[in-house]
Amino acid sequence: MEPHEFKLTEEGIKAVLPPLEAEIMEEMWKLRVATAGQLYEILKERHPDIRRSTVSILMNRLCDRGLLKRSVETGRGGMRYVYSVTTTREEFEEKVVKSILDALMSNFREATYAYLSKMKK
Amino acid sequence: MLYLVMLLQLMLPVVALGEFGAKLIAVSALLLLPLYLWAYTSEPNGRYHALQREQIPWLYDGIAEMAERAGIKMPRVYLLEDYIPNAYSFKNTLVFSLGLFEVLGEEEILAVAAHEIGHIKNGDTKLFPIIAYSRYTMALLTVMVVVTSKNAWISFGSLMLYAFYELSRAEYLKEREFKADHTALGLLHIPLSLKYALEELKYYEDLRASVKTSALPSIEPSIDRRQGSPLIETHPSYDERILRIMIEVGHIAPYNKLQ
């Protein structure tokens, strides 16, 4: 996933993802593989009003963004979708930094160079 | 009403075009018969997986119990690999998408199953393919009558009849949905679970639509369900169905009692 928007007022990955999607990703990086039901139970503790539909839609949206992967698992409880992360948190952050710096370099080359060299000192 | 309009629509070519009109009807029926037979005999494959009892016993047993109460044979049950919540029935078969299990609880899924069993019990799974294919016959006959008839009034009448047929068909299909809900309420241990299921599915569709429209063009997810709404709705809205369910289970007085 290439970030297309950076919110200066938000912290962490919420700067590049909507808040609930960012929370889901934070949990998914811890779990690596989970069902929408498991994520729902986790998020429900912090957001008592959250609904299963919201979690399912957002997890599938994260699949569309390429951050999660959906596959069918047949287990004791029958068939179900399981979601897994496609990238580590570090790889994702690296991609975000690269995209932002690339954008700055192509739009404000001199100022970016100047600022980066000032930072080095 | 639908059957009357269909009968008139079938009579019009004969009245207007005589023997040629009768031949047109015969040819249309012959063309569509293989389609109907194909639809009625084809079996699910690919992303469909037959459900075994040991996989999801509560679902299998719940369906078996409701089928017995409805007086139908135990339907075949398939799970469909699709993340969008959906359920439907054909012949004596029920299909549930895997997405349904992500958004609904057990009682709500059983309520959806009860609605589909309602369709089977009410004969809709046999009727719906006939109605679907007779629609093509009606359209074909209308075009044929308009093209071949030299009488402007007959052409106009045929077009009007077709428009009326479409409206009657939509109304008829909506009534069958309500009837399936009515049947489901009689099969369920917790009738209100159908209302909760519909509320959750409505919430899902509304939220998904808002997520899609509010997304930036560059990060638009490739959600793959058709978004356009048909010119004439053949399904009642969730709100209409929920209202009827609440009236039936006695939570709200029917409109005429409020007057």
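These are my notebook entries on a predicted model with chains A and B.

**Entry 1, the sheet of chain B.** I started with the strands. Four of them form an open sheet, and I read their order as S1-S2-S4-S3, with mixed pairing. At the edges I found strand S1 (48–50) and strand S3 (87–90) of chain B, each of which pairs on one side only. From one strand to the next, the twist averages 25 degrees.

I then looked at one pair in more detail. Strand S2 (residues 76–80) and strand S4 (residues 93–97) of chain B run parallel and are joined by five bridges. Opposite Leu80(B) I found Ser97(B), in S4(B).

**Entry 2, helix H6 of chain B.** Next I checked how far this helix reaches. H6 (residues 124–148) of chain B has 25 residues and spans 35 Å from first to last C-alpha, close to the 36 Å expected. I also asked which residues of H6(B) are buried. My list reads Asp124(B), Thr125(B), Ser134(B), Met138(B), Leu141(B), Thr142(B) and Val145(B). A reminder to myself: residues three or four places apart on an α-helix point the same way, because there are 3.6 residues a turn.

**Entry 3, where the chains meet.** I looked up the contact, and it takes 22 residues from chain B and 21 residues from chain A. On the side of chain B, helix H4 (98–103) and helix H8 (192–214) each supply at least two residues. H8(B) gives the largest share of that side, six residues. By class, I noted 13 nonpolar, five polar and four charged residues on the side of chain B.

**Entry 4, domains of chain A.** Last, I turned to the domain assignment, which gives domain 1 (7–86) and domain 2 (87–121) of chain A. Their centres, taken over C-alpha atoms, are separated by 28 Å.

Terms used: Residues are numbered from 1 along each chain as its sequence is written. Chains are lettered from A and ligands numbered from 1 in the order in which they are written. This is a predicted model: local features need pLDDT of at least 70, side-chain atom pairs count only at pLDDT 80 or more; totals for chains, interfaces and linings use all residues. Helices (H or I, at least four residues) and strands (E, at least two) are DSSP runs, numbered from the N terminus. The expected span of a helix is 1.5 Å times one less than its number of residues. A residue is buried if 20 or more other C-beta atoms lie within 10 Å of its own, exposed if 12 or fewer, and partly exposed in between; C-beta atoms are placed from the backbone. Domain bounds come from an automatic or database domain assignment. Two strands pair if DSSP finds at least two bridges between them. Axes are lines fitted to C-alpha atoms, for helices over the stretch in contact, and angles run from 0 to 180 degrees between N-to-C directions. Two residues are in contact if their C-beta atoms, placed from the backbone, lie within 7 Å. Ala, Val, Leu, Ile, Met, Phe, Trp, Tyr, Cys and Pro count as nonpolar, Asp, Glu, Lys and Arg as charged, and the others, Gly among them, as polar.
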